[in-house]
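Let's take a friendly walk through this fold, starting from the inside and working outwards. Please keep the viewer open as you read.

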Amino acid sequence: MVNMEQFIPADKSVTRGGKNRKKGSLTIINSANNGRRLIISEDVVEILKLKETVKIGFIGKQLLLGTTLPGEKNEYELRKQGKKKVVYSAELISLITEYQGINFANAVSHTWYSPSVDEVDDTPVVIFDPEGGEENGQEKGTD
């Protein structure tokens, strides 16, 4: 069972200022020219049974996605992209970048490949630990 004592909701109201053949579970795009968004893979969509929204937050540096996480302002609208789901939120991308220490100095995207799945209140939660840089598929690019 996930210890939720240190959970911090990824509130929408808070504003903070390499190619890989493995299938990614979650990709963050941070591009001045092409937008900022979070792309959730088909596998994660199925695990969480995502429909219209997803709740997002943090425990330490871990990023949590679920449908019943605590918090009121951390529920994000999902848009469909094929079998994937997408969250368009520059503020969320800034929060994730800050909490996980992602460096976009020479990149426009970051992909997580190895999430873990746990439960909160008998509902699945997908947990993404920080995964680092190019060796994990962070794509080089310029804006």
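## The nonpolar cores

In this predicted model, the largest nonpolar core holds 27 residues, and the ones with the most contacts inside it are Leu38, Ile40, Val54, Ile56, Leu65 and Ile96. At least two residues of this core come from each of strand 2, strand 3, helix 1, strand 4 (53–59), strand 5 (62–66), helix 2 and strand 11. Helix 2 gives the largest share, with five residues. Another core lies apart from this one; it has eight residues, among them Leu64, Leu69, Val120 and Val125.

Val54 is a good residue to click on if you want to see how the larger core is put together. Not counting residues up to four places away in sequence, Val54 touches Ile40, Leu65, Gly66, Asn74, Glu75, Tyr76, Leu78 and Val87.

## The chain as a whole

Stepping back, the chain contains two helices and eleven strands. Read from the N terminus, the order of elements is β-β-β-α-β-β-β-β-β-α-β-β-β.

The chain has 143 residues, and 44% of them count as buried. Its accessible surface amounts to about 7900 Å², with 43% of that belonging to carbon and sulfur atoms.

## A five-strand sheet

Five strands make up an open sheet in the order 7-8-3-2-9, with antiparallel pairing. Strand 7 (79–81) and strand 9 (109–112) are the edge strands, each pairing on one side only. On average, and with direction ignored, neighbouring strands of this sheet are turned by 25° against each other.

Within the sheet, strand 2 (residues 26–31) and strand 3 (residues 35–40) pair in the antiparallel sense over six bridges. To find this pairing on screen, look for Asn30, whose bridge partner in strand 3 is Arg36.

## Helix 2 across the sheet

Which strands does helix 2 lie across? They are strand 2, strand 3, strand 8 (84–88) and strand 9, and the helix runs at about 70° to strand 3. Helix 2 covers residues 90–100, and its buried residues are Leu92, Ile93, Leu95, Ile96, Thr97, Tyr99 and Gln100.

Leu95, in helix 2, has a relative accessible area of 3%, so this residue is buried. Leu95 and Phe58 are 37 residues apart in sequence, while their C-alpha atoms are 9.5 Å apart in space. Just after the helix, Gly101 takes a positive phi of about 65°.

## Helix 1 and Val45

Is Val45, in helix 1 (residues 42–48), buried or exposed? Val45 counts as buried because its relative accessibility is 9%, and the cut-off for buried is under 20%. Leaving aside neighbours within four places in sequence, Val45 is in contact with Ile40, Leu50, Lys83, Lys84 and Lys85. Of these contacts, Lys85 is 40 residues away from Val45 in sequence, yet the two are 7.0 Å apart in space, C-alpha to C-alpha.

## The hairpin of strands 10 and 11

Strand 10 (residues 116–120) and strand 11 run antiparallel and are joined by five bridges. One pair to look for is Val117 with its bridge partner in strand 11, Val126. The two strands form a hairpin with two residues between them, and Asp121 in the turn has a positive phi of about 55°.

Thr123 belongs to strand 11 (residues 123–128). With 18% relative accessibility, Thr123 counts as buried, since the cut-off is under 20%. Apart from neighbours within four places in sequence, Thr123 is in contact with Thr67, Thr68 and Asp118.

## Positive phi in two loops

Most residues other than glycine have a negative phi. That makes a couple of loop residues worth a look. Asp122, found in the loop between strand 10 and strand 11, has a positive phi of about 60° although it is not a glycine. Asp122 has a relative accessible area of 67%, so this residue is exposed.

Lys49 sits in the loop between helix 1 and strand 4. Lys49 is not a glycine either, and has a positive phi of about 55°. Its relative accessible area is 61%, which means that Lys49 is exposed.

How values were computed. Residues numbered from 1 in each chain as written. Predicted model: local features only at pLDDT ≥ 70, side-chain atom pairs only at ≥ 80, totals over all residues. Heavy atoms only, no water. Helix = DSSP H or I, 4+ residues; strand = E, 2+ residues; numbered from the N terminus. Buried < 20%, exposed > 50% of the residue type's maximum accessible area, 1.4 Å probe, protein only. Areas by Shrake-Rupley, 256 points an atom, 1.4 Å probe, with all protein chains shown as cover. Contact = heavy atoms within 4.5 Å. Pairing = 2+ DSSP bridges. Axes fitted to C-alpha atoms, helices over the stretch in contact; angles between N-to-C directions. Core = buried A, V, L, I, M, F, W, Y, C linked by side-chain atoms within 4.5 Å.
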